[in-house]
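Hello,

Here is the structure I promised to pass on to you. Please have a look at it first, and then read on for what turned up.

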Amino acid sequence: MGDTAALLFSVLMDTLGYWWVMIPTIFLGLIVGGIPGFSAANTIIILMPLTLAMDLQMGLVFMVTLYCAARMGAGIPAILVNIPGTAGAAATPLDGYPMTKQGRGQQALSISFVSSAIGGLLTTIIALAAMPLLARVGFYMHAVEMIVVMLFGISLIASIAAQDMIKGLIAGFLGLMIGSIGTDVVYATPRGTMGFLELYDGVPLIPALVGLFAVSEAFIIIEKKVILSKKGQEAMENPSWAATFEGVREALVRWKHIVWTSIIGLVIGVIPGAGASIASFVAYQQSRTFSKTPEKYGTGHIEGLIAPESANNGVTSGTLVPLLVLGIPGGATAAIMLVVMQYHGVSFGPSLFQRQPEVGYGMFMAMAVSYLLMMLTIIPLSRYMSRVTTVPTIYLAPMIISFTLVGAFVPREYMFDMYLALAFGVLGYIARRTGYHVAAILIGVILGPLLETYFLRALKKSEGDITVLFSSTIGNILWVALVVSLILPAVFDRRRKRKELVTP
Amino acid sequence: MNRKTILNRRTFLSTSAAASLTLATPGLLRANTFPERNIDVYVPTAEGGGADRNFRAFTSIWKTKLGVDFEPGYYPGASGRVGYEIYMGKAEPDCYSLIFGNMGPEVLNWAMQEPTFDVDDYFYFGQVDVDPSVVFVGAESPFQTIDDIVAEGQKRTLTVGTSRMAHPASIGILALGDQTGAKFNLIPLAGGKNTVAGAVTGEVDFSVLTSGSVIAAGDAVRTLLVFGENRVGERLNNAKNINEVYGMDLPEMLSARAFGIHRAAAEAYPDRFARLQETFAETFEDPALLEAYVASGGAPEYLRMGGVEECAKFKAAMLELGAKYKPLLTGA
């Protein structure tokens with residue numbers, strides 16, 4: 001115990017010594033996270049010659065910092081201009097962007113930064129302390145259990161549909177149908193690809209994300225002078241530090257919410273193959289379910305912004321756990337880190353902490369220090385970043401469209417993806433104008449293929465026996481929890497109405 | 001002044017030679033300066049996997065011979081099909097675009113489902129390594145030996161994680177089932193990382209995969225059987241050859257990573273293609289390759305150069321094997 005504490009202290013000191021690497025990397029991460037199509041994973045790949053030239057610890061600090069900062073950065077355009085840069089930030093604009101339109105963009109950014117940093121820092125500490133235990137989660141969360149986890153996220157469609165049941169369900173089913181395009185996961189048979197090679201691997205997420213959210217929004221805001229409401233314009237005329245601190249305070253007073261939702265992210269993050277998109281939707285759905293004011297979600301509700309941001313940063317620390325303890329990368333960025341670390345002679349797996357404990361602890365320490373530094377360096381920037389919302393839409397809308405089209409192009413470098421983003425933009429525009437919720441479509445597009453993968457895997461394992469869905473104890477507990485979380489909002493609502501009737 | 005020009009044979013030949021040389025000069029100059037820019041490499045699997053590791057190790061040396069860098073593009077999906085379809089459908093056949101694939105599972109794929117292009121329209125010209133497939137379990141698995149697996153498989157159907165249905169390792173385990181009467185249910189887990197994860201976390205009873213990825217997983221896994229010769233001994237837990245254990249005559253179930261090229265490119269630009277081949281061979285002569293390969297987690301015993309002929313033989317063998325096992329691997 002004493003030896004571990006001494007080692008941790010020594011690793012902390014070493015990590016702090018790399019502040020000069022971390023601070024510029026934080027800004028690099030914010031930029032790549034904020035640009036749709038870029039991510040920590042592809043940036044590490046692009047900069048791999050540089051990373052390989054660094055010594056082991058510096059390379060590790062660089063990659064981990066970039067990973068954390070990119071995750072946080074993805075929330076910035078999602079909040080300010082409705083462009084989620086990654087699938088992990090897809091739930092962020094649900095409440096972040098309405099806050100911006102109300103002229104509370106500065107507060108929204110502060111809330112996002114504080115939730116991300118505290119959520120990330122807290123889950124890093126938990127992961128560090130409970131690593132062996134957390135690594136076991138993957139041993140219990142198999143295909144059947146993951147189907148139920150997916151359904152938690154997909155049930156958000158039902159919540160959205162509650163406002164207009166038929167339209168909500170149609171939008172959700174449309175999303176699921178779009179999500180089923182591509183080759184099947186068992187025999188690789190193409191379905192619904194319409195002969196386009198570009199759709200063999202399914203509908204690419206970034207064009208769908210930016211098209212449905214950002215391009216369609218650009219078509220709508222062009223009809224106005226600025227994206228802000230009248231009240232919002234007044235609020236944004238005199239940005240002040242007070243608004244930044246108000247956001248910080250609003251996030252801090254909801255610390256329990258940050259803790260709870262970031263732990264959801266951590267637990268989902270430690271499951272190999274699960275990712276930030278699942279975590280952010282599940283956290284949002286859970287936050288809404290247990291809220292006393294579920295009707296406020298989607299209108300610029302603070303808890304609705306905290307939940308996905310805390311959760312997707314919880315995933316960041318979670319993905320390191322299977323990598324370090326089991327040698328299995330939990331996500332794409334962790335997989336790239338594995339390649340780089342292997343070049344440095346690090347062999348991940350159960351004996352890593354016996355052979356090179358400084359590497360294992362060093363990664364978590366780098367994560368903790370980078371979250372601390374981010375809190376200090378990024379929060380003050382919210383005041384200046386939020387000014388983008390005051391740009392007249394005649395400039396902003398074309399900028400959004402060109403920015404997002406480039407973002408759609410970047411991950412695969414296909415012109416097709418730019419056309420696809422435009423097509424999703426038109427679809428999103430029609431949906432908005434006719435009262436269909438684009439978020440319901442998007443949930444289907446993002447979570448549908450994942451649900452199908454786990455579903456087919458479970459059926460293949462059971463040789464087609466559908467009762468396999470109820471064959472595991474943890475799975476059954478999750479089923480009950482799912483049913484409860486679907487019923488609870490109605491129960492709360494009924495109780496609230498009864499209370500209102502009793503109270504004169 | 002009257003000047004009479006006589007076109008005799010000598011004048012004709014020398015004029016023709018000069019004209020040909022003049023016309024050919026730009027081409028020759030181009031050939032001499034190839035490559036003028038980086039080479040794009042289409043990788044039909046995700047970044048961070050075994051192919052990515054091998055690609056980076058090999059091209060880190062090859063680029064010093066060729067004088068330009070290699071730029072990878074990752075196109076995973078549909079068991080490698082996406083990468084090949086994109087390469088054949090989108091990349092210019094000009095020797096500046098190559099594909100780095102696995103001649104085992106990816107060629108098997110063509111036997112399961114024909115691609116939209118003719119499989120002879122591309123060919124492999126540079127084999128980097130060859131490694132056999134293996135049976136392995138997670139470190140905490142109750143199965144200690146392959147006999148434990150077979151015995152249990154004779155009582156109940158065991159789930160077997162595989163990177164994809166059409167994989168040499170899948171054929172190996174089906175052949176073992178045929179031989180011993182054990183029942184195995186193949187579960188495609190989409191990629192090497194997930195296949196290792198499936199075995200480690202108990203999602204499946206055990207997994208089969210290319211041994212290089214299993215070695216890279218370190219002590220998180222234990223290898224119990226090799227579908228071929230165990231060339232690395234302890235690193236595969238001294239697991240034995242299937243033929244040795246069960247008295248079978250199964251051909252080695254191999255994966256072989258290799259660079260491929262459009263046939264049209266090699267035919268239209270023979271000088272460029274020759275330059276690629278020369279420098280590929282030079283790379284193997286450089287001792288730095290072994291260092292880079294080992295540093296990337298590769299087993300040096302698997303490094304094995306193969307040229308156009310060896311690769312063609314491998315490809316043909318895989319197509320034949322695929323045709324034989326097609327009904328079992330497609331559920332048909």
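**The two domains of chain B**

In chain B, 23 residues of domain 1 are in contact with 24 residues of domain 2. On the domain 1 side, the elements that give two or more residues to this contact are helix H4 (105–112), strand S10 (254–262) and helix H13 (308–330) of chain B. H13(B) gives the most, with five residues. Sorted by class, the domain 1 side has 11 nonpolar, 10 polar and two charged residues.

Before you go further, please keep in mind that this is a predicted model.

As for where the domains run, the assignment for chain B puts domain 1 at 37–131 + 254–330 and domain 2 at 132–246. Their C-alpha centres lie 25 Å apart. Chain B as a whole has 13 helices and 11 strands, and 51% of its 332 residues count as buried. If you take the contacts in chain B with a separation of 6 or more, 79% of them come from residues 24 or more positions apart.

**Where chain A meets chain B**

Next comes the contact of the two chains. Here 35 residues of chain A are in contact with 38 residues of chain B. On the chain A side, helix H10 (137–140), helix H19 (332–343) and helix H25 (438–461) are the elements that give two or more residues. Which of the elements gives the most to the side of chain A that touches chain B? That is H19(A), with seven residues. The chain A side is made up of 21 nonpolar, nine polar and five charged residues.

**The largest nonpolar core**

The largest nonpolar core holds 262 residues, and the ones with the most contacts inside it are Leu442(A) and Val134(B). Domain 1 and domain 2 of chain B each supply at least three residues to this core. You may like to bring up Leu442(A) on your screen: leaving out residues up to four places away in sequence, Leu442(A) touches Ala90(A), Gly175(A), Ala208(A), Leu209(A) and Leu212(A).

**A pair of helices in chain A**

Have a look, too, at helix H18 (residues 302–326) and helix H21 (residues 357–378) of chain A. Their axes come within 11 Å and cross at roughly 175 degrees. An angle over 145 degrees counts as roughly antiparallel, so that is how H18(A) and H21(A) are placed with respect to each other. Where they meet, H18(A) brings Ser317(A), Leu320(A) and Leu324(A), while H21(A) brings Gly360(A), Met363(A), Phe364(A) and Met367(A). Five of the residues in this contact are nonpolar and two are polar, with no charged ones.

**One glutamine to look at**

Last on my list is Gln107(A), which is found in helix H8 (residues 105–129) of chain A. Is Gln107(A) buried or exposed? A residue is buried if 20 or more other C-beta atoms lie within 10 Å of its own; Gln107(A) has 28 and is therefore buried. Apart from its neighbours within four places in sequence, Gln107(A) is in contact with Met99(A), Ala243(A), Glu246(A), Gly247(A) and Glu250(A). Gln107(A) and Arg249(A) are 142 residues apart in sequence, and their C-alpha atoms are 9.4 Å apart in space.

Happy browsing, and best wishes!

Notes. Residues numbered from 1 in each chain as written. Chains lettered and ligands numbered in written order. Predicted model: local features only at pLDDT ≥ 70, side-chain atom pairs only at ≥ 80, totals over all residues. Contact = placed C-beta atoms within 7 Å. Helix = DSSP H or I, 4+ residues; strand = E, 2+ residues; numbered from the N terminus. Nonpolar A, V, L, I, M, F, W, Y, C, P; charged D, E, K, R; others polar. Core = buried A, V, L, I, M, F, W, Y, C linked by C-beta atoms within 7 Å. Buried ≥ 20, exposed ≤ 12 C-beta atoms within 10 Å, placed from the backbone. Domains from an automatic or database assignment. Axes fitted to C-alpha atoms, helices over the stretch in contact; angles between N-to-C directions. Parallel < 35°, antiparallel > 145°, perpendicular 65-115°, else oblique.
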